[in-house]
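This report introduces one protein structure to a reader who has not met it before. The sequence and the model are shown first, and a description follows.

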Amino acid sequence: MTEHMNMLFLMTDQHRVDTLGCYGNPRARTPNLDALAAGGTRLDANFTPSAICTPARASLATGVLPFRHGLLANYERNVGYPEELSDEFTPFSQQLREAGYNVGLQGKWHVGKMRGPEEFGFDGPHYPGWHNPITLPEYRAWLAERGLPEPVISEEVRGTFPNGEPGNLLAGTLEQPAEATFEHFLTDRTIEQLERYATDFHGTGRPFFMATHFFGPHLPYLLPREYLEMHDPEAIELPASAAETFENKPTVQQRYSEHWTHDTLDPHTRRWLIAAYWGYVKLIDEQVGRLLDTLKRLGLWDLTAVSFTADHGEFTGAHRLHDKGPAMYDDIYRIPGIWRVPGAPQDNVCEDFTSLVDFTATILDLASVQADPEADGRSLLPLIHAEEPVEWRQDITAEFHGHHFPYPQRMLRTRTHKLIINPESINELYDLANDPHELHNRYSDPDYREIRDGLLHRLYEQLRKRGDNFHHWMTSMYPVGGKGYDTSLSDFEGESHQEEAVVGPEK
């Protein structure tokens, strides 16, 4: 649609949508992201394909779902899956490079263990790991050059593990000013790269794609005191799902609650952690503002598409959980999504189901590059331009493969319901219209039998059609509808197994 447009791609890690003013939080202090949304399109039903860093980021890189690219877990908690992305699917960064783009990345990578962004066509260093790499020599040198203090943490906040030992670090006071934080460092490095790309663009016309991947607001929330104290904990309401009882839920959710020490924290600390999380988002929003101002200063604002998203969400006490894990609630699967494309309508709110893999297709479309026909995403440009696509997805699926231990899950979410398949446990069904906080599992409720069976069939056919072998377990265990194929894979049951699957209507 738009030929060779410059792009600035902003990404956070573990970011809830309700921390942003443009997503309805009246207490949020996110003026820069809110202004970006007001100047373009806010995606209101944007989802990650998997609520864990590496699988989601690999899906962004390749445009295909995790079960296809095969990078299914974070290497720090690997449970036997591959640790490096295969070369089966070409990353969008290499495609942009071949199309003549400057392609840069500053910040979190976390797509595999050893191979960094430079091996995928990006200009930029490989910052390994999942958290701010504060021991990085380049960061320490940057601090020294500016006479800024090195990071020191005080007033650590921890719960208590089930074994009685101190739990994971959840938050703490960072004894640094904001201008010494790693977030500020990343922004400085991005600005330097944008300045180089701007010189090339204005001189030769060579377009650029520049990504900044912040490591926050992922816990632990380690922040200068002013950000920790920015919001009054007593004015913060605990999420409605803090009333979670785990009754009629998979036992693993209770175990993860214990692992993240939620019940060992008093109510004040739980509210304080939410306040700290919001403060972290404010710190990042300020850096986003610096980057947007840089585009304007360099004469690039009207020539550059800007997008913002996250790899997945965060619990922050919702469902008595922290971090993320084997619980497919919207808290961690629904993610922010903002696009500002020059010439596209402003104040546009898109309620269609969108996915991180659609961001990949959109990036390529903005560069007039043909997406891989095997990709799972679709360009968002028709939605960004407020056009009505010929047809668009009426539901969204997601998958999970494990963290700490293997734990496969699949999800189907419609406007009104959510179905989750947990092969080793009980399945889940939520009536989102009447239970938006997903507290009551209706899977075995006879009043929901017709809806449940319709969703089972619908998910089953989608997984089968796209080649996700998870569907084999569903074949024998659940009422998924007719099976017009050889379920034993033996070739002795006739030719009917070659029939095309048909996705059932929305219930």
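## Terms and source of the model

Helices and strands are DSSP runs, numbered from the N terminus; a helix has at least four residues and a strand at least two. The model described here is predicted.

The UniProt record, in an unreviewed entry, lists residues 6–368 as "domain: Sulfatase N-terminal". Helix makes up 33% of that span and strand 18%. The C-alpha atoms at the two ends of residues 6–368 are 12 Å apart.

## The largest pocket

The largest pocket holds about 930 Å³ of space. Its lining is made of 35 residues, and those closest to the centre are Arg16, Asp18, Asp331, Arg334 and His437. Four elements each supply at least two residues of this lining: the strands β2 (41–47) and β10 (348–355), and the helices α9 (267–297) and α10 (330–333).

## Enclosed cavities

Rolling a probe the size of a water molecule over the atoms shows where empty space is left. In this model there are three cavities of 30 Å³ or more. The largest cavity has a volume of about 110 Å³.

Fifteen residues line the largest cavity, and Ala61, Phe92, Trp109, Phe122 and His213 lie nearest its centre. At least two lining residues come from each of α2 (53–62), α4 (92–98) and β6. Phe92, Trp109 and Phe122 also belong to a cluster linked by ring pairs, together with Phe9, Phe120 and Phe209.

## Aromatic pairs and helix α6

The structure contains 21 aromatic pairs. One of them joins tyrosine 139 and phenylalanine 185 in an edge-to-face arrangement, with 5.5 Å between the centres and 65° between the planes. Tyrosine 139 belongs to helix α5 (residues 137–146) and phenylalanine 185 to helix α6 (residues 182–204), so this pair ties together parts that are 46 residues apart in sequence. Are these two rings buried or exposed? Tyrosine 139 is buried, at a relative accessible area of 0%, and phenylalanine 185 is likewise buried at 0%.

A further pair is formed by phenylalanine 182 and phenylalanine 215: the ring centres are 5.8 Å apart and the planes stand at 85°, so this pair is edge-to-face. Phenylalanine 182 is in helix α6, while phenylalanine 215 is in the loop between β6 (208–213) and β7 (221–223), and the pair thus links parts of the chain 33 residues apart. Both phenylalanine 182 and phenylalanine 215 are buried.

Helix α6 has 23 residues, which at 1.5 Å a residue should span 33 Å; its end C-alpha atoms are 33 Å apart, in agreement with that value. Glycine 205, just after α6, has a positive phi of about 85°.

## Charges over rings

Two charged side chains are placed over aromatic faces. Lysine 296 lies over the face of tryptophan 301, 4.7 Å from the ring centre. Arginine 415 lies over the face of phenylalanine 353, 4.4 Å from the ring centre.

## Backbone features in loops

Most residues other than glycine have a negative phi, and most peptide bonds are trans. The loop between β6 and β7 holds proline 217 and proline 220. A cis peptide bond joins glycine 216 to proline 217, with omega at about 5°, and another cis peptide bond joins leucine 219 to proline 220, with omega at about 0°.

Which residues other than glycine have a positive phi? Arginine 320 is one of them, with phi at about 55°. Arginine 320 sits in the loop between β8 (304–310) and α10, and its relative accessible area of 14% is under 20%, so arginine 320 counts as buried. Glutamate 438 is another, with phi near 60°. Glutamate 438 lies in the loop between β14 (428–431) and α13 (449–466) and is buried, at a relative accessible area of 2%.

## Arginine 378

Arginine 378 is located in the loop between α11 (356–366) and α12 (381–384). Its relative accessibility is 36%, so arginine 378 counts as partly exposed. Arginine 378 and leucine 356 are 22 residues apart in sequence, and their C-alpha atoms are 9.9 Å apart in space.

Key:
Residues numbered from 1 in each chain as written. Predicted model: local features only at pLDDT ≥ 70, side-chain atom pairs only at ≥ 80, totals over all residues. Heavy atoms only, no water. UniProt positions renumbered as here; feature names shortened; annotations may be inferred. Phe/Tyr/Trp six-rings, centres within 6.5 Å; stacked < 30°, edge-to-face > 60°. Buried < 20%, exposed > 50% of the residue type's maximum accessible area, 1.4 Å probe, protein only. Lys NZ or Arg CZ within 6 Å of the ring centre and 35° of its normal. Expected span 1.5 Å × (residues − 1). 1 Å grid on protein atoms, 1.4 Å probe; cavity = no way out; pocket = protein on both sides within 12 Å on 5 of 7 lines; lining within 4 Å. Points joined across faces, edges and corners; volume = space filled by probe spheres on them.
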